[in-house]
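Biologist: Hi, could you walk me through this one? I'd like to get my bearings before going back to the bench.

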Amino acid sequence: MALRIGVDTGGTFTDICLYDTERNELRVFKVSSTPDDPGRAIIDGVSELLRIADAGGFADISYFAHGTTVGTNALLTETGARTGLLTTRGFRDLLELARGRRPRLYDLQADKPAPLVPRDLRLEVTERVRHDGTVRTPLDEDEVRAQIRRLRDEGVEAVAVCLLYSYVLPDHERHLARWIEEEFPGAYVSLSSEVLPEFREYERLSTVVANAYLGPKVSGYLARLRERLGEKGLAARPYVTQSNGGVVSFAEAEKYPVRMVLSGPSTGVVGAARLASAAGHPDIITFDMGGTSTDVSLVQRGAPRASSGLDLDGRAIRTAMLDIHTVGAGGGSVARLDSGGLLKVGPQSAGAFPGPACYGHGDLPTVTDANVVLQVLNPEYFLGGRMKIDPEASRRAVGTLAAELGMSIEDTAQGIIRVVTANMARAIRVISVQRGHDPRDYVMVPFGGAGPLHASRLAAELGMTTILVPESPGALSALGLLLTDVRSDFSRTAVMPLGTGGADPSAGDVAAVFAELDAQAERWFEASDIEERARGTRRQLDLRYAGQNHELTVAFPAGPVTAESVAAALDDFAAAHERAYGYANPGNPVQAVTFRVQAWGEIDARPSSSPVVGGRPEGEQPRSREVYLPELGGFHECLVYDRAALAPGTAVEGPAIIEQMDTTTLVLPGSTARVDAHRNLVIGAS
């Protein structure tokens, strides 16, 4: 057998997809996450799915890919390694000084995040490299070794190295790495010239510190998981998702864990883009609502938008990633009253344990409990009957909040839904309206366990008229792991003037930098065992007008670098500048700043079948239950359909509930859900 496995670990559930290439059969499965040891849910879940599918064992798996939030959670909860920093003399406080701008201009009580490296562990070394790569002050080896021993004696686990202009001349950082290995064997070492060989000192420093801070925890987790998978019989090389939507080997991820901060949600966006494009909807807004958070992203012409980084909890992270915006709104988000007596939902989450009150382990009212009270969710069980719930516990939890508000339990539950919908609408406006895109021009693609449940009301809030629900939305991030490619990004800052065509000599300078990055990509292809026929690369260039402080990224033509290809990039830059700022200055000198090469290896055997998720026999009549619908003034009898029984061409008139193992879809009054030829649900006005 040739089995392909994708596993996405979320805050509440772990989703698993199994694709049997011989049978052309795809199965999805969900198990509760185990936050104390995420690997346990992975091993147990994959074992159970292999048993249910009668698909053999771990030894039959030819491809295994994993999406994880271990790194993200370590940053957010500040539970990474004890980290030390070695930097150029005079720059130890840059980590705290950061940028001069205030993210919350009028909040006089705003606190800056605590630096990941305390000041007594930020040590300076005497050295100085100029901006042109010449050495002004050489390294003092004796001093450096003394500083390394000091960090060792302080009990640090990881050492970040960030020297001035090391992206131009990395030799000094490489010397430090060698001396750390001699003086402090076993320490996790992270060099800024490898992690982010780009300019802007603070961002480079913040990113390499985060990489070192995450290194021991992420590498330890992946090493343990790789060992356990090996013990179960897995012989294939396991992969893990990066923030750029591609996957890399565990070994590469252990070296660059900062590239995994969006490991979980990125493949969901990739999967949604591929499925929606195949169904004829290339322009979409993805809406991934899980148990802990909601992730939204905008896709144009079938291509997810890329970003060069984000600020995570006030800390700059610069690495290639998909443009995804996250808010603390999920099924496990806790509802409460603030100091002014107003209803708030999230960002605090009940997580997988104790979880929503209906799980039977806690008493906190959550979004899931609100949906149980309203009977939009099945009041008897989740996961196709595998997970029994306690609806009375949900009523008690929401009832406590209702008593404080002086409202009925049902109105309070619906209030929770309204608040969380408003939170998610604001998130979508960030990636659409605030960037010049009208959400009404896009199709919403909801996924995650709770996405289809809230999509109809969220779309109405934003004026969006079409919703496309994939066949297995609750496990789309896991399915995306089977649809994405092996991918890595290479970059280097090299500021230089760029001519406007003709026989300008800058073409040779551009060619030299791209040749260096192409060589790095070639070495990566070889190390990753990617066959020649499956290899692909894409070049990009960050450009700006001379005197500007920010750049725009444009595609650079493939093939030999010529005056014509440079001129084409300049034309694209002028057009991009016009779109972004409303004007362009064709006569102004342009600078090339950062050169980028993205390399990928195309995977074989992408799933082409529909998921097997279980369900009632096709043609069986739907059931019904009372569902609280404010649009109809209260509880209303709704037909409840099993998703597996809906064949292509079927139309379901709202109000209705469509249930499946991995999620529930709500169809509001006045809407119709139609099953298209790809077995997606397409919801629109009746």
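Modeller: Happy to; we can go through the sheets, a couple of residues and a pocket. This is a predicted model, in which local features need pLDDT of at least 70 and side-chain atom pairs count only at pLDDT 80 or more, while totals for chains, interfaces and linings use all residues. Residues are numbered from 1 along each chain as its sequence is written, and side-chain values use heavy atoms, with hydrogens and water left out.

Biologist: Great. In what order do the strands of the parallel sheet come?

Modeller: The order is β6-β5-β9-β10, an open sheet of 4 strands with parallel pairing. Strands here are DSSP runs of E with at least two residues, helices are runs of H or I with at least four residues, and both are numbered from the N terminus. Two strands pair if DSSP finds at least two bridges between them.

Biologist: And which are the edge strands?

Modeller: β6 (122-125) and β10 (188-191), each of which pairs on one side only. On average, neighbouring strands of this sheet are turned by 20 degrees against each other, direction ignored. For angles, axes are lines fitted to C-alpha atoms, for helices over the stretch in contact, and the values run from 0 to 180 degrees between N-to-C directions.

Biologist: How many bridges join β5 to β6?

Modeller: There are 4, and β5 covers residues 83-88. Among the partners, Thr-88 is bridged to Val-125, Thr-87 to Glu-124, and Leu-85 stands opposite Arg-122. Towards β9, β5 has 5 bridges, also in a parallel run, with Leu-86 opposite Val-161.

Biologist: Is β5 enclosed or open?

Modeller: Largely enclosed by the rest of the structure, because 6 of its 6 residues are buried. Buried means under 20% relative accessible area, exposed is over 50%, and partly exposed is in between, with a 1.4 Å probe and protein chains only.

Biologist: Which way do the residues of β6 point?

Modeller: Arg-122 and Glu-124 point one way, Leu-123 and Val-125 the other, and all are buried. In a regular strand the side chains alternate between the two faces of the sheet.

Biologist: What about Cys-162? Which strand is that in?

Modeller: Cys-162 lies in β9. Cys-162 is buried, with a relative accessible area of 1%. Leaving aside neighbours within four places in sequence, its contacts (heavy atoms within 4.5 Å) include Leu-85, Thr-88, Glu-173, Ser-192, Arg-204 and Val-208. The C-alpha atoms of Cys-162 and Glu-564 are separated by 38 Å, with the two positions 402 residues apart along the chain.

Biologist: Switching topic: what about the mixed sheet?

Modeller: That one is open too, with 4 strands in the order β30-β31-β33-β34. Its edge strands are β30 (623-629) and β34 (663-667), each pairing on one side only. The twist averages 30 degrees from one strand to the next.

Biologist: How do β33 and β34 run?

Modeller: Antiparallel, with 5 bridges joining β33 (residues 656-660) to β34. One of the partner pairs is Gln-660 with Thr-663. Helix α13 (residues 451-462) lies across β30 and β34, at about 20 degrees to β34.

Biologist: Where is Ser-477 found?

Modeller: Ser-477 is found in helix α14 (residues 476-480). Ser-477 is buried, at 6% relative accessible area. Beyond neighbours within four places in sequence, Ser-477 is in contact with Asp-8, Gly-264, Thr-267, Gly-268, Asp-288 and Phe-447.

Biologist: Last thing: how much space lies in the second largest pocket?

Modeller: About 750 Å³. Of its 29 lining residues, the closest to the centre are Ala-98, Pro-103, Lys-112, Pro-113 and Gly-314. On a 1 Å grid over the protein atoms alone, a pocket is an open set of points where a 1.4 Å probe fits, with protein on both sides within 12 Å along at least five of seven lines, and lining residues have an atom within 4 Å of a point. Grid points are joined across faces, edges and corners, and the volume is the space filled by probe spheres set on the points.

Biologist: Which element gives the most to that lining?

Modeller: α7, with 5 residues. The lining divides into 13 nonpolar, 3 polar and 13 charged residues. Here Ala, Val, Leu, Ile, Met, Phe, Trp, Tyr, Cys and Pro count as nonpolar, Asp, Glu, Lys and Arg as charged, and the others, Gly among them, as polar.
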